[in-house]
Amino acid sequence: MGCQCVNPFSSQLTPVKFSGASISPTSSSRMVSLRRVGARKLVFNASAADPSASRPTPLINADSSVGFKGCKLVGCGSALPSLSISNEDLAKLVDTNDEWISVRTGIRNRRVLSGKDNMTALAVEASKKALEMAEVDPGDVDLILLCTSTPEDLFGSAPQIQKALGCRSNPLSFDITAACSGFMLGLVSAACYIRGGGFKNVLVIGADALSRYVDWTDRGTCILFGDGAGAVLVQACDIAEDGLFAFDLHSDGEGQRHLNASLKENETDKKVGTNGSLIGFPPKSSNFSCIQMNGKEVFRFAVRVVPQSIEASLQKAGLTNSSIDWLLLHQANQRIIDAVATRLDIPSEHVISNLSNYGNTSAASIPLALDEAVRSGKVQAGHTIAAAGFGAGLTWGSAIMRWG
């Protein structure tokens with residue numbers, strides 16, 4: 001039983017398996033048709049002449065007006081706090097200097113929230129710019145994904161972005177927490193919602209304010225982080241125009257000890273528990289610790305898994321390293337970026353980096369760097385980008401995508 005089925009994560013025809021059976025693109029003895037069922041469902045169903053037609057059929061939740069859909073990146077935007085902190089400024093707080101920081105990290109400046117600045121406002125500004133570039137009205141956005149580890153509400157900040165943008169249809173809006181890998185997970189999630197859920201315009205935002213969780217007396221971490229926001233509008237398109245070719249995502253909780261900001265109880269002098277009341281109740285109030293990081297272990301982790309992930313994505317997409325126009329990595333450390341580029345044999349002139357100006361902005365770093373590269377004319381429509389994020393969790397992932 002076979003038909004030509006399009007892998008939604010590849011531009012080539014590939015075998016697709018259901019319940020252990022392989023549907024080969026080269027087999028033509030029988031045809032499997034796509035039959036529309038209900039308002040928002042597509043079902044794979046064998047022809048009436050096929051005796052296996054009575055088997056359970058996998059359902060794909062999708063818009064009834066189309067078959068398989070692709071998605072493409074059509075707009076981007078970014079926003080930064082106004083306060084810039086230089087390495088010289090940090091040298092007044094801790095025992096360091098510009099040369100020590102720049103040689104080890106590649107960072108010279110970073111932006112930090114101050115005064116009335118807030119992360120949600122940055123996310124809104126970046127989103128407006130992305131919508132303007134894409135020529136999409138906020139009322140036509142039907143999903144907002146905010147990738148952040150530093151929301152300004154415990155229950156999530158995405159709905160406040162939806163409100164501020166004036167999205168009249170009240171689209172679903174929620175946060176995704178995956179630290180510095182967050183934007184990659186948001187991008188892949190957007191593709192899945194479009195391809196399998198019938199969504200048309202998905203706003204993916206990476207925004208973080210890690211300055212709030214930095215110990216500014218710790219030389220090892222305070223030099224690294226900055227605040228910012230970036231956004232991309234992912235839009236449904238015909239499968240022939242699909243711009244997300246393949247992806248590869250992973251996590252490893254064993255590595256959490258190397259990079260975390262764990263929950264800690266507030267210390268209190270008064271102990272609760274007299275006259276028969278329960279010891280340990282009510283619970284003590286809690287907050288999160290400052291960022292704790294083993295820099296050497298994180299470096300080893302990144303230079304090992306990131307090239308592997310990109311190579312896996314390229315293989316899934318049926319592409320080679322020479323197909324890459326731009327390498328776009330999470331902006332954590334210039335040494336990591338250089339090491340990955342060397343491993344993949346990608347020349348430095350094809351590597352996007354703005355780390356020197358903004359430091360590590362966590363989930364914001366990839367869309368922020370992409371926006372600058374697009375607006376400067378470096379990244380052009382049709383260019384192929386290998387992007388990868390990595391960070392706390394530990395989490396990491398990559399995607400091969402086309403701009404425009």
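This note goes through the overall make-up, the five-stranded sheet, two helix pairs and one buried residue of a predicted model.

1. Overall make-up. The protein chain contains ten helices and 21 strands. It has 404 residues, and 48% of them count as buried. Among contacts in the protein chain with a separation of 6 or more, 74% are between residues 24 or more positions apart.

2. The sheet. Five strands form an open sheet with mixed pairing, in the order β6-β12-β11-β9-β10. The edges are β6 (69-79) and β10 (172-176); each has a single partner strand, so one side of each is left without a neighbour in the sheet. From one strand to the next the twist averages 20°.

3. Pairing at the two edges. At the β6 edge, β6 and β12 are antiparallel and are paired over ten bridges. Within this pairing, G75 stands opposite L233 of β12. At the other edge, strand β9 (residues 143-147) runs parallel to β10, and five bridges join the two. L145 has F174 in β10 as its bridge partner.

4. Helices on the sheet. Helix α3 (residues 119-134) lies across β6, β9, β11 (201-209) and β12 (227-238), and its direction is at about 125° to β6. Helix α5 (residues 182-197) also packs on the sheet, where it touches β6, β9, β10, β11 and β12. The direction of α5 makes about 140° with that of β6.

5. Burial of the edge strand β6. Is this strand mostly covered or mostly uncovered? β6 is mostly covered, with eleven of its eleven residues buried. This holds although β6 stands at an edge of the sheet; both α3 and α5 touch this strand.

6. α3 with α4. Besides lying across the sheet, α3 is in contact with helix α4 (residues 158-165), and the two axes come within 10 Å and cross at roughly 55°. The two helices are therefore oblique to each other, and their crossing is right-handed. On the α3 side the contact is made by T120, A123, V124, S127, K128 and L131, and on the α4 side by Q160, I161, A164 and L165. By residue class, this contact has six nonpolar, three polar and one charged.

7. α7 with α8. Helix α7 (residues 295-317) and helix α8 (residues 334-344) have axes that come within 9 Å and cross at roughly 40°. That angle makes α7 oblique to α8. The crossing is right-handed. α7 contributes F299, A302, V303, R304, V306, P307, Q308, I310 and E311 to the contact, while α8 contributes R335, I336, A339, V340, R343 and L344. Ten of these residues are nonpolar, one is polar and four are charged.

8. T221. This residue lies in helix α6 (residues 219-222). Its relative accessibility is 2%, so T221 counts as buried. Which residues does T221 touch, not counting those up to four places away in sequence? They are D215, I291 and M293.

Terms used
Residues numbered from 1 in each chain as written. Predicted model: local features only at pLDDT ≥ 70, side-chain atom pairs only at ≥ 80, totals over all residues. Heavy atoms only, no water. Axes fitted to C-alpha atoms, helices over the stretch in contact; angles between N-to-C directions. Helix = DSSP H or I, 4+ residues; strand = E, 2+ residues; numbered from the N terminus. Parallel < 35°, antiparallel > 145°, perpendicular 65-115°, else oblique. Left-handed = near helix turned anticlockwise from the far one by under 90°. Contact = heavy atoms within 4.5 Å. Nonpolar A, V, L, I, M, F, W, Y, C, P; charged D, E, K, R; others polar. Pairing = 2+ DSSP bridges. Buried < 20%, exposed > 50% of the residue type's maximum accessible area, 1.4 Å probe, protein only.
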